[in-house]
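Colleague: I'm new to reading models like this one. Could you take me through how the labels get decided?

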Amino acid sequence: MNRYFATVARGLETIAAKELENLGATQVTPDFTGVHFEGDRSLLYRVNLWARTIFRVLVPIAEFPCRDADALYRGVQNIEWSDYLSPEQTLAVRCTGGNSKLNHTHYSALQVKNAIVDQQRRQFGKRSSVDSREPDLQINAHIYGDQCILSLDSSGDSLHRRGYRPAMGIAPLKETLAAALLELAEYDPNLPFVDPMCGSGTLPLEASLKALKIAPGLFRDQFAFMNWQDFDRSLWRQLCQEALEGQLDELPAPIWGSDRERAAIDLATTNASNCGVADFIQLKQMDFSQLEAPGDRGILICNPPYGERLGNTEELGGLYKQLGDTFKQRFKGWTAFILTGNKELAKRVGLRASRRFPVENGAIACTLLKYELY
Ligand SMILES: C[S@@+](CC[C@H](N)C(=O)[O-])C[C@H]1O[C@@H](n2cnc3c(N)ncnc32)[C@H](O)[C@@H]1O
């Protein structure tokens, strides 16, 4: 069994922990902006292929006392780097955290890099080059108190970059956040799903990937672990094959996305084609005021503008009131959710929220408000 650490957005640790357990992880322990778990190599690949709510999976390789720069250098040199990296391969080091003597992450990262390449030079007379964009080995040094944990990053590019969404709206949700909102909303693919302000389509797209049992990692062709010396290509191929075979041919219940902007629907349609769900979901240009419930029961989630990035608080008050009125009048029997970063606007909905989930949307503290509509 190996120890792993999944990094996640603040506030989503419990949701991510549940997802990891469902994927077969053991000893799952949520921590601040991450989740510790255990499993074998197959699980590491499976998590990279299937996880919808996490950013990356780190594989800790050493932990040592590190009060200052010398201790950091010595600790890194005690590791046999030829087990992980040849001088022909490139590397990058990212550092997080710090202590009173190591309070510049950039400097600490340089120290780690120097310790590694100095060891290589002694052993081989040559060293790896640094490639901060697409390194063969991405190393993560996390310093907390007087300790340092060194990990290998198995994902490389963050897993929220699924690869299906080159087309972005003005204020798109991260795919990982959209997937987490679906979990918080207890989205059931057997019920209709509606996002009446879908922008680039992140919520309906993530809902359809989940409903069709499509592994989000299938859209990427590169994960950092593929460059590792122990990469098991046949195991990876087998997991991808199983994922492809398990996909459904049709949605259990309809998924709709609409937006008043033509340009937004065009983006959402391009993104839906990129991930192969364009024939399944229904995307339509429509103002929210025209919306009717497409059934007696279902889940509605929307992420209206809230003044931070789009629109203006004064003007938006009317839109939030209209949301509340429409929910009450036309969506009886449904469960509706609004993600907003503006408490004043949330009050304008005029309905009592039965739950409030704090979540971070980028750097903006937001709340997902739940309305049960009877
Ligand atoms: C914050 S963006 C949604 C972003 C989306 N979740 C994504 O990931 O791309 C808000 C969206 O609400 C849409 N919108 C604003 N007022 C609307 C209205 N009255 N009817 C329908 N859509 C509206 C905007 O066009 C915009 O695309």
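Modeller: Sure, here is a run through some labels and the reasoning behind them; keep in mind that this is a predicted model.

Colleague: Let's begin with the big pieces. How is the protein divided into domains?

Modeller: There are two: domain 1 covers 2–153, and domain 2 is made of 175–215 + 248–372. Their C-alpha centres lie 35 Å apart. Where they touch, domain 1 brings 11 residues and domain 2 brings 12 residues. On the domain 1 side, seven of those residues are nonpolar, two are polar and two are charged.

Colleague: What makes you say that the largest nonpolar core lies between the domains?

Modeller: Both domain 1 and domain 2 give residues to this core, so it sits between them. The core has 84 residues, and Ala6, Ala16, Leu181 and Leu300 touch the most other members. Helix H5 (residues 175–184) supplies the largest share, seven residues.

Colleague: Who touches Leu300, leaving out residues up to four places away in sequence?

Modeller: Val194, Pro196, Phe331, Trp334, Ala336 and Phe337 do.

Colleague: Back to H5, then. Why is H5 called largely enclosed?

Modeller: A residue needs 20 or more other C-beta atoms within 10 Å to count as buried. Nine of the 10 residues of H5 are buried, so the helix is largely enclosed by the rest of the structure. Among them are Glu175, Thr176 and Leu184. The cover over the buried residues includes helix H1 (13–22), helix H6 (202–211) and strand S11 (299–302). Just after H5, Glu186 has a positive phi of about 50°.

Colleague: And H7, how do you know that it lies largely in the open?

Modeller: The number of buried residues among its 13 is zero, so H7 lies largely in the open.

Colleague: What makes the length of H7 agree with what a helix should span?

Modeller: The expected span is 1.5 Å times one less than the number of residues. For the 13 residues of H7 (residues 233–245) that should give 18 Å, and the end C-alpha atoms are 18 Å apart, so the two agree.

Colleague: Now some single residues. Why is Gln27 called exposed?

Modeller: The cut-off for exposed is 12 or fewer other C-beta atoms within 10 Å. Gln27 has 11, so it counts as exposed. Gln27 is part of strand S2 (residues 26–31), and its phi is near 50°, a positive value in a residue other than glycine.

Colleague: What makes a positive phi worth pointing out in a residue other than glycine?

Modeller: Most residues other than glycine have a negative phi. Thr33 also has a positive one, near 50°.

Colleague: Why does Thr33 count as partly exposed?

Modeller: That label covers the counts between the exposed limit of 12 and the buried limit of 20. Thr33 has 17 C-beta neighbours inside 10 Å, so partly exposed is the label. Thr33 sits in the loop between S2 and strand S3 (34–39).

Colleague: And Gly145, how do you know whether Gly145 counts as buried or exposed?

Modeller: Exposed goes up to and includes 12. Gly145 has 12 C-beta neighbours inside 10 Å, so it counts as exposed. You'll find Gly145 in the loop between strand S6 (137–144) and strand S7 (147–153). Its C-alpha atom is 8.3 Å from that of Cys66, although the two residues are 79 residues apart along the chain.

Colleague: Last one: which residues are closest to the ligand?

Modeller: Met197, Gly199, Ser200, Thr202 and Phe288, out of 22 residues that surround it. By class, that shell has 13 nonpolar, five polar and four charged residues.

Technical notes: Residues numbered from 1 in each chain as written. Predicted model: local features only at pLDDT ≥ 70, side-chain atom pairs only at ≥ 80, totals over all residues. Domains from an automatic or database assignment. Contact = placed C-beta atoms within 7 Å. Nonpolar A, V, L, I, M, F, W, Y, C, P; charged D, E, K, R; others polar. Near = placed C-beta within 6 Å. Core = buried A, V, L, I, M, F, W, Y, C linked by C-beta atoms within 7 Å. Helix = DSSP H or I, 4+ residues; strand = E, 2+ residues; numbered from the N terminus.
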